[in-house]
Amino acid sequence: MGNADEIKEGEALLELEGIHMHFGKVAALSGIDLTIRKGEIHSVIGPNGAGKTVMMNIISGLYRPQKGAIRYRGRSINSLKPYERAKLGMARTFQKVEVFGGMTVLDNIRLGRHVHYRSGILNGALYLGKTKKEEIEHRTFIEEEIIDLLEIEQIRHKPVGMLPYGLQKRVELGRALALEPELLILDEPLAGLNLEEVEDMARFILDVNEEKRWRVTCLLVEHDMGVVMDLSNRVFVLNFGNMIMDGTPEEVQNNPEVIKAYLGEEDLYATRA
Ligand SMILES: Nc1ncnc2c1ncn2[C@@H]1O[C@H](COP(=O)(O)OP(=O)(O)OP(=O)(O)O)[C@@H](O)[C@H]1O
């Protein structure tokens, strides 16, 4: 995204500072600090009920925290609505697939671009000639890149509702990419997938992050520890609304507190072949 506030690789893209979120007596998040740096894959892990979804909802603007600051490219976004955050370059996929079953793969992907379209009579009147043609060409180009990346050429005209779950998840990723995001929030992208689908999805996430064409910063919430440890530059561990640690996958795997929080839940040392 061409922007005067463009930031460089390794600089803070998204920052949470002192985030508190309570629901009645339940403290879902108690003073969370997190910095996502441009170019990285930063994962958030934690046992069930740790506060991961609440955190993602706060980041994407669905929830307003009672305390704390959220900054994107150094600017406060606390007061921005979800679609305004999307316009800044933040896209999200959801835990449960959120596709339009009756629409084709291509139309679902196209929906992801809607935040870029101008609306209103005045804008519509100004939106003529070359500019419009360029936007259509650019849109087509993006669609083709997404279809190519996700290997969904064969199903582009199929209704999404008829596809297996794994492909529906792929389409959902495609729709998020259509926004040409700078930050992609992936909420359990591997949940419900079989082994082969998990491998495919992990590869797509890596491609989106590493390929020069995309170079998307990723915030990943995931229970599959093998994939998390393989893909992430950093891992943030949450338990009962508190941060246990934020470090490299290796540091996290060797932290006794993390192991204790997960005891009996997951094998943190399991990595995929
Ligand atoms: N809208 C809400 N109203 C009341 N309590 C809520 C709400 N959303 C979340 N909570 C509570 O906040 C805590 C954190 O929940 P959250 O859904 O963020 O956990 P999670 O880490 O995403 O868990 P999972 O891995 O199972 O998805 C839980 O105790 C949950 O019951």
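This passage walks through the overall make-up of the protein, an open sheet, the surroundings of the ligand, one helix and the nonpolar core.

The structure is a predicted model. The protein has ten helices and ten strands, and 35% of its 273 residues count as buried. Contacts across long stretches of chain are a good place to begin. Among contacts in the protein with a separation of 6 or more, 70% are between residues 24 or more positions apart.

A convenient landmark for a newcomer is an open sheet of four strands, arranged in the order S2-S1-S4-S5 with antiparallel pairing. Its edge strands are S2 and S5, the latter covering residues 75-76, and each of them pairs on one side only. As a general point, the strands of a sheet pair through backbone hydrogen bonds, in either a parallel or an antiparallel way. Following the order from S2, strand S1 (residues 12-23) and S2 are joined in the antiparallel sense over nine bridges, with Leu16 standing opposite Leu34 in S2. S1 is also joined to strand S4 (residues 67-72), here by five bridges and again running antiparallel; Glu17 stands opposite Ala69 in S4. The pairing of S4 with S5 is antiparallel over two bridges, and Tyr72 has Arg75 in S5 as its bridge partner. S4 and S5 form a hairpin with two residues between the strands, where Arg73 takes a positive phi near 50 degrees.

The edge strand S2 leads on to the ligand. Both S2 (26-37) and helix H1 (52-60) supply at least two residues each of the shell around the ligand, and the largest share, three residues, comes from H1. The residues surrounding the ligand are Phe23, Val26, Ala28, Gly46, Asn48, Gly49, Ala50, Gly51, Lys52, Thr53 and Val54. Sorted by class, this shell holds five nonpolar, five polar and one charged residues. Two members of the shell, Thr53 and Ala28, lie 25 residues apart along the chain, and their C-alpha atoms are separated by 9.6 Å. Thr53 is found in helix H1. How buried or exposed is Thr53? Thr53 counts as partly exposed because it has 18 C-beta neighbours inside 10 Å, whereas a buried residue needs 20 or more.

Helix H6 offers another view of the structure. It spans residues 165-177, 13 residues in total, and reaches 19 Å from its first C-alpha to its last, close to the 18 Å expected at 1.5 Å a residue. Eleven of these 13 residues are buried, so H6 is largely enclosed by the rest of the structure. The buried positions in H6 run through Leu167, Gln168, Lys169, Arg170, Val171, Glu172, Leu173, Gly174, Arg175, Ala176 and Leu177.

Finally, the interior can be described through its nonpolar residues. In soluble globular proteins, nonpolar side chains tend to be buried together. In this model the largest nonpolar core has 65 residues, and those with the most contacts inside it are Met55, Leu183, Leu184, Ile185, Cys218, Val228 and Val237. Leaving aside residues up to four places away in sequence, Val237 touches Ile45, Gly46, Met243, Ile244, Met245, Val252 and Val258. One of these partners, Gly46, also belongs to the residues that surround the ligand.

Terms used. Residues are numbered from 1 along each chain as its sequence is written. This is a predicted model: local features need pLDDT of at least 70, side-chain atom pairs count only at pLDDT 80 or more; totals for chains, interfaces and linings use all residues. The expected span of a helix is 1.5 Å times one less than its number of residues. A residue is buried if 20 or more other C-beta atoms lie within 10 Å of its own, exposed if 12 or fewer, and partly exposed in between; C-beta atoms are placed from the backbone. A nonpolar core is a set of buried Ala, Val, Leu, Ile, Met, Phe, Trp, Tyr and Cys residues joined through C-beta atoms within 7 Å. Two residues are in contact if their C-beta atoms, placed from the backbone, lie within 7 Å. A residue is near a molecule or strand if its C-beta atom, placed from the backbone, lies within 6 Å of it. Ala, Val, Leu, Ile, Met, Phe, Trp, Tyr, Cys and Pro count as nonpolar, Asp, Glu, Lys and Arg as charged, and the others, Gly among them, as polar. Two strands pair if DSSP finds at least two bridges between them.
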